[in-house]
Amino acid sequence: MATKTLASDEYLIREAKEPELKEVGEVTYQGFDHHLPGADAPSPERAELLLDAAVRAREGILLVAVQPSSGILVGTATLLRSGSKLSRQARPGEYELRLLAVHPLARRSGLGWKLLKSSADLAAAAGARRLVLDTAVDNHRAQALYVKYGFVRRPERETPRPAPKVQLAVYTLDFYTQEKVA
């Protein structure tokens, strides 16, 4: 049986608008597959984080991906500065990418890559020396995307988490800036 997908080669990636925040939360929740029959329900704290796009917009840059022809919102990512209350991994001089999510109908379209690139471009333009993210150690699909993009796993930055929390793999992408020659 073929997987149903949204037909689009191009997506518009931009900052979320206030009227879209509820929909952004729903796309985030669905992007992590919590809506599927038989899926494990997230903890109440995790569900609140996924669904509350307003707090993510206040704490950082909340990106959305929109299918231009239909206006359908199909993806999102949150870019956070070090020190944000939602940041888990960012150190001074770093930005953190959290909650990159692609609606199931838009998967395998290159949208995850585009959201990743937009996030990295914004962090570099803001002067970050590095972009950091984490993902579940068993999320091999996401890890393959990050490695292909140029992220490097940093086990020395990984800390054990008590059960039932999922162990996280930490990845970084260094930005190299050229010194201006006078």
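# A tour from helix α4 outward

Begin by selecting D121 and K117, which both sit in helix α4, 4 residues apart, or about one turn of the helix. An α-helix has 3.6 residues a turn, so residues three or four places apart point the same way. In this predicted model, the side chains of D121 and K117 meet in a salt bridge, with 2.7 Å from N to O. D121 is partly exposed, because its relative accessible area of 39% falls between the 20% limit for buried and the 50% limit for exposed. K117 is likewise partly exposed, at 38% relative accessible area.

Next, keep α4 in view and add helix α5, which packs against α4 at an angle of about 50°, with the two axes 11 Å apart. The two helices are therefore oblique to each other, and α4 passes α5 in a right-handed crossing. To display the contact itself, select G112, W113, L116, K117 and A120 on the α4 side, together with L145, Y146, K148 and Y149 on the α5 side.

Now turn to the nonpolar interior. In soluble globular proteins, nonpolar side chains tend to be buried together. The largest nonpolar core here has 26 residues, and those with the most contacts inside it are L111, L116, L131 and F151. At least two core residues come from each of β3 (72-81), β4 (94-102), α4 (111-125), β5 (130-136), α5 (140-149) and β7 (168-174), while α4 gives the most, with 5 residues.

Which residues does L131 touch, once those up to four places away in sequence are not counted? Select L131 and show its surroundings: the residues that L131 touches under that condition are L79, Y95, E96, L97, S119, A120, A123, F151, Y171, T172, L173 and F175.

From there, move to the charged side chains, where the count comes to 9 salt bridges. One of them joins the side chains of E94 and R157, at 2.9 Å from N to O. This pair links distant parts of the chain, since E94 lies in strand β4 and R157 in the loop between β6 (152-153) and β7, 63 residues apart. Are E94 and R157 buried or exposed? Both residues are buried.

Then select R130 and D174, whose side chains meet in a salt bridge of 2.5 Å, N to O. Here too the pair links distant parts of the chain, with R130 in strand β5 and D174 in strand β7, 44 residues apart. D174 is partly exposed, with a relative accessible area of 25%. Showing both pairs at once is worthwhile for the next point, as E94, R130, R157 and D174 are linked in a network of salt bridges.

For the last stop, go to helix α1, residues 21-31, where L21, V24, G25, V27, T28, Y29 and G31 are buried. These buried residues pack against α2 (44-51), α3 (53-59), β2 (60-67), β3 and β4. Taking α2 from that list, one finds that α1 and α2 pack at an angle of about 130°, with their axes 7 Å apart, and the two helices are therefore oblique to each other. Select G25, E26, T28 and Y29 of α1 with A47, L50 and L51 of α2 to see the residues that make this contact. Finally, look just past the helix to D33, which follows α1 and has a positive phi, near 65°.

Methods. Residues numbered from 1 in each chain as written. Predicted model: local features only at pLDDT ≥ 70, side-chain atom pairs only at ≥ 80, totals over all residues. Heavy atoms only, no water. Core = buried A, V, L, I, M, F, W, Y, C linked by side-chain atoms within 4.5 Å. Buried < 20%, exposed > 50% of the residue type's maximum accessible area, 1.4 Å probe, protein only. Contact = heavy atoms within 4.5 Å. Salt bridge = Lys/Arg side-chain N within 4 Å of Asp/Glu carboxyl O. Axes fitted to C-alpha atoms, helices over the stretch in contact; angles between N-to-C directions. Parallel < 35°, antiparallel > 145°, perpendicular 65-115°, else oblique. Left-handed = near helix turned anticlockwise from the far one by under 90°.
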